[in-house]
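Reader: I am beginning to read protein structures and should be grateful for a close look at a single part of one. Please then relate that part to the rest of the chain.

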Amino acid sequence: QAIPVICVDGPTASGKGTLAGAVAQALGYHLLDSGSLYRITALAALQAGLALEFAHEQAIADLIPGLSIRFSQDQVFLNGVDVSEAIRTEEAGMNASRVSALPKVRLALIALQHSFRQLPGLVADGRDMGTIIFPEAALKVFLTASAEKRAQRRYKQLISKGISATLSGLRADLEARDARDTSRSVAPLKPAQDAQLLDNSDLTVEESVNLVLDWWQSKQ
Ligand code: C5P
């Protein structure tokens with residue numbers, strides 16, 4: 001019997017991370033935050049002096065096997081340095097979106113993503129978990145929420161961390177990121193054919209988590 005995988009894909013700030021984390025915790029499963037791998041890759045490329053452009057596609061992809069990436073609870077370490085905060089800024093998200101459009105970079109990250117699939121199971125969140133990385137997953141959730149709601153949530157998060165932001169600026173950024181993620185030629189953001197759509201605009205986190213756990217139960 002294959003190791004079970006639950007995929008949670010969707011646009012920027014739709015709440016994938018929160019949902020995936022809560023579902024993984026409830027089931028005692030491992031968690032893959034695939035977006036963090038693109039964020040880390042962008043950071044490593046910039047540190048190596050590589051602009052995030054097609055001209056450097058191969059050079060950026062070639063960096064990946066040599067990176068030491070370690071997750072521990074809420075922290076992420078790149079080559080032994082805690083980069084948890086550095087990869088969470090809006091700019092880091094935009095940079096991740098840039099490197100993630102490079103096909104060779106996506107290819108170089110596949111094996112690393114597969115390595116997270118360990119017993120007793122995995123919850124993986126991202127843009128292409130259900131379409132490309134784990135196409136045989138037993139449950140695929142495509143999470144959406146209105147751009148307005150997503151911008152509001154991101155705004156609250158940032159303000160609570162003492163980071164200044166404007167609602168209109170955040171909304172413009174997330175729409176730009178969605179446009180790039182949806183229109184790229186490799187692994188564009190789209191629901192898998194067999195994905196369950198979940199619009200959480202008017203749901204609490206708990207309601208969304210319970211819905212997904214119910215779907216998972218009904219598959220057993
Ligand atoms: O999910 P998160 O906002 O951390 O992802 C950052 C960026 O990484 C996304 O905007 C997207 O461009 C890219 N990404 C991706 N495929 C994934 C996860 C993230 O292309 N599976």
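In which loop is Asn79 found?

Author: This is a predicted model, and the description below should be read as an account of that model. Asn79 lies in the loop that runs between β4 (75-78) and β5 (81-82). Its backbone deserves attention, for Asn79 has a positive phi of about 50° although it is not a glycine. Most residues other than glycine have a negative phi. As to its surroundings, Asn79 has 13 other C-beta atoms within 10 Å and is therefore partly exposed; a residue would count as exposed with 12 or fewer, and as buried with 20 or more.

A second residue invites comparison. Ala13, in the loop between β1 and α1, also carries a positive phi, of about 60°, and it is not a glycine either. The setting of Ala13 is a buried one, because 24 other C-beta atoms lie within 10 Å. Ile163 offers another case: this residue belongs to the loop between α8 (147-160) and α9, and it is exposed, since it has 12 other C-beta atoms within 10 Å.

The backbone has a further feature to record in a loop. Leu119 and Pro120 are joined by a cis peptide bond, with omega about 5°. Pro120 is placed in the loop between α6 (110-114) and β6. Most peptide bonds are trans.

From the loops one may turn to the interior. The largest nonpolar core comprises 26 residues, and Ile6, Cys7, Val8, Val23, Val123, Ala124 and Val141 have the most contacts inside it. Two or more residues of this core come from each of β1 (5-9), α1 (16-27), β6 (122-126), α7 (129-133), β7 (139-144) and α10 (205-219). The greatest contribution is that of α1, with five residues. In soluble globular proteins, nonpolar side chains tend to be buried together.

Val8 illustrates how this core is connected. Leaving aside residues up to four places away in sequence, Val8 touches Lys16, Leu19, Ala20, Val123, Asp125, Met129, Val141 and Leu143. Another core, of 23 residues, lies apart from the largest one; Tyr38, Ala44, Ile64 and Val99 are among its members. The exposed Ile163 can be located relative to Val8: the two are 155 residues apart along the chain, and their C-alpha atoms are separated by 27 Å.

The packing of two helices comes next. The axes of α2 and α4 are 8 Å apart and make an angle of about 90°. The helix α2 is therefore roughly perpendicular to α4. On the side of α2, the contact involves Gly35, Tyr38, Arg39, Thr41, Ala42, Leu43, Ala45 and Leu46, which meet Ala92, Gly93, Asn95, Ala96, Arg98, Val99 and Ser100 in α4. By character, the residues of this contact are eight nonpolar, five polar and two charged.

These helices also take part in the shell around the ligand. At least two residues of that shell are supplied by each of α2 (34-47), α4 (90-100) and α9 (167-183), and α2 gives the most, with five. There are 15 residues around the ligand, of which Gly35, Ala96, Ser97, Ser100 and Gly126 come nearest. The shell is made up of two nonpolar, eight polar and five charged residues.

Note on methods
Residues are numbered from 1 along each chain as its sequence is written. This is a predicted model: local features need pLDDT of at least 70, side-chain atom pairs count only at pLDDT 80 or more; totals for chains, interfaces and linings use all residues. A nonpolar core is a set of buried Ala, Val, Leu, Ile, Met, Phe, Trp, Tyr and Cys residues joined through C-beta atoms within 7 Å. Helices (H or I, at least four residues) and strands (E, at least two) are DSSP runs, numbered from the N terminus. Two residues are in contact if their C-beta atoms, placed from the backbone, lie within 7 Å. A residue is near a molecule or strand if its C-beta atom, placed from the backbone, lies within 6 Å of it. Ala, Val, Leu, Ile, Met, Phe, Trp, Tyr, Cys and Pro count as nonpolar, Asp, Glu, Lys and Arg as charged, and the others, Gly among them, as polar. Axes are lines fitted to C-alpha atoms, for helices over the stretch in contact, and angles run from 0 to 180 degrees between N-to-C directions. Angles under 35 degrees count as roughly parallel, over 145 as roughly antiparallel, 65 to 115 as roughly perpendicular and the rest as oblique.
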